[in-house]
Amino acid sequence: MKGRIWAEINLNNLINNLKIIKSFSPNNNILAAVKADAYGHGSGIISKTLAEHDVNMLGVASVEEAIKLRDEGIKSEIVILSPIPEDQIPEVVAYNFTPTVFGNIIMKWLLKEAKKQDKVVKYHIEIDTGMGRTGLDIDEIYNFINEWHREPYLVNEGIFSHLSSADTDKDYTRFQIDTFKATITRLIKNGIRFKYIHIANSAGILEYKNDSFFNLIRPGLSLYGISPFEKDFGLKPVMSLYSKILQTRKIKKGSYISYNKTYKVEKDAWFVVGAFGYGDGYPRSLSNKAQVIIDNNLYPIRGVVCMDLTMIEVDKQFSPGTIITLIDEEELHIKKLSYLADLIPYEITTGISTRVPRIVKKRSFYE
Ligand SMILES: *Cc1c(COP(=O)(O)O)cnc(C)c1O
């Protein structure tokens, strides 16, 4: 590979992960979370690959992310999962995005714009069953639906809620799922119909299975090959990360490595300078902690990770240009690094910065 650092995106692993998720939930619709540039993997290529495997509903966080997908030629339905500022409502309507709603204010904005553009807007209602973030309170849902369900310009397509602790707290998750189910059941008894009903994120799908599926699931992390639990379920990380050696040096006993003298060389040793740093999203909290792989051997990072460069102690002289593996599917698994860095895996992949090119491994698929 040309250049100093690159992330490899393994689409075969993405397809493997999708198969595993489908095997849990064979008959349900899938809304794939591709927000934050598909958790840092590249939303265009990920969305295209998912569409080729019959996943045609995508979840993003913002209107900007949704427009970027359209610009990349993605035709799938796009649900905007987070609240939308009023000044972006015209774009939501013009591009036929599906907003999520949780109150009268956004409905009024949408109605005004839908009439202005003379277009029908589809929306999903979010209810808060215990996440404590966005969503209507359960006891507001009847009034809300009564007020809006006959409005021809605004068409309800779904109702959903979000689990706060499906990876950590079974009782609370059961409570959220039960609350959601009871609310939906009462609404259905009152003659309200929803096309899509959904609550399951990755942890919901993998742990609560059928109880959490309703008729649509919303995987994110698991698609990218990371399990929210100890068990990996056969999921394989989609992203790996590589860099190159820029320089090899023999450094003398008693010298210090990198900023602020956090590592002192104990005996004369070989060090290499790697072409990566926190400016690439390689976490600075891995300073003096993580290992990397060079030529099939693990070597430790010494001193603090700098913005663009990081030092590694090795046992021999390497030529400049030798590849350094920073993240892989095994020894340098994203989950392992995230524990070491005191981060969650989501932060590692979304944190790989835009200056790091994403290289698609299964290239033949697209060329
Ligand atoms: C990001 C997101 C998901 C996906 O969550 P994972 O834990 O990554 O599977 C699901 N639902 C909503 C509303 C989200 O914002």
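A pocket is an open set of points on a 1 Å grid over the protein atoms alone, where a 1.4 Å probe fits and protein lies on both sides within 12 Å along at least five of seven lines. The model is predicted: local features need pLDDT of at least 70, side-chain atom pairs count only at pLDDT 80 or more, and totals for chains, interfaces and linings use all residues. Residues are numbered from 1 along each chain as its sequence is written, and side-chain values use heavy atoms, with hydrogens and water left out.

**Exercise 1.** Describe the largest pocket and its lining.

*Step 1.* Start with the space: the largest pocket holds about 540 Å³, where a volume is the space filled by probe spheres set on the grid points.

*Step 2.* Now find the walls. There are 29 lining residues, and Lys35, Tyr39, Arg133, His162 and Asn201 lie nearest the centre; a lining residue has an atom within 4 Å of a point.

*Step 3.* Look for the elements that give two or more residues: strand S2 (29-33), helix H2 (35-40) and helix H9 (202-208). Helices (H or I, at least four residues) and strands (E, at least two) are DSSP runs. H2 gives the largest share, 3 residues.

*Step 4.* Sort the lining by type: 16 nonpolar, 8 polar and 5 charged. Here Ala, Val, Leu, Ile, Met, Phe, Trp, Tyr, Cys and Pro count as nonpolar, Asp, Glu, Lys and Arg as charged, and the others, Gly among them, as polar.

**Exercise 2.** Work out where the ligand sits and what its polar partners are.

*Step 1.* The ligand takes the space of the largest pocket; to sit there, more than half of its atoms must lie within 2 Å of the grid points.

*Step 2.* List the neighbours, which have a heavy atom within 4 Å: among them are Ala33, Lys35, Leu81, His162 and Gly220. This shell divides into 6 nonpolar, 4 polar and 2 charged residues.

*Step 3.* Check polar contacts (pairs of N or O atoms within 3.5 Å). Tyr39 places a side-chain N or O atom 2.6 Å from a ligand oxygen. Tyr346 also has such an atom 2.6 Å from an oxygen of the ligand. For Arg218, a polar side-chain atom lies 2.7 Å from a ligand nitrogen.

*Step 4.* Finish with cover: of the 390 Å² of accessible area that the ligand has on its own, the protein covers 91%, by the Shrake-Rupley method with a 1.4 Å probe.

Key
Polar contact = N/O pair within 3.5 Å; in protein donor to acceptor, adjacent residues only side chain to side chain.
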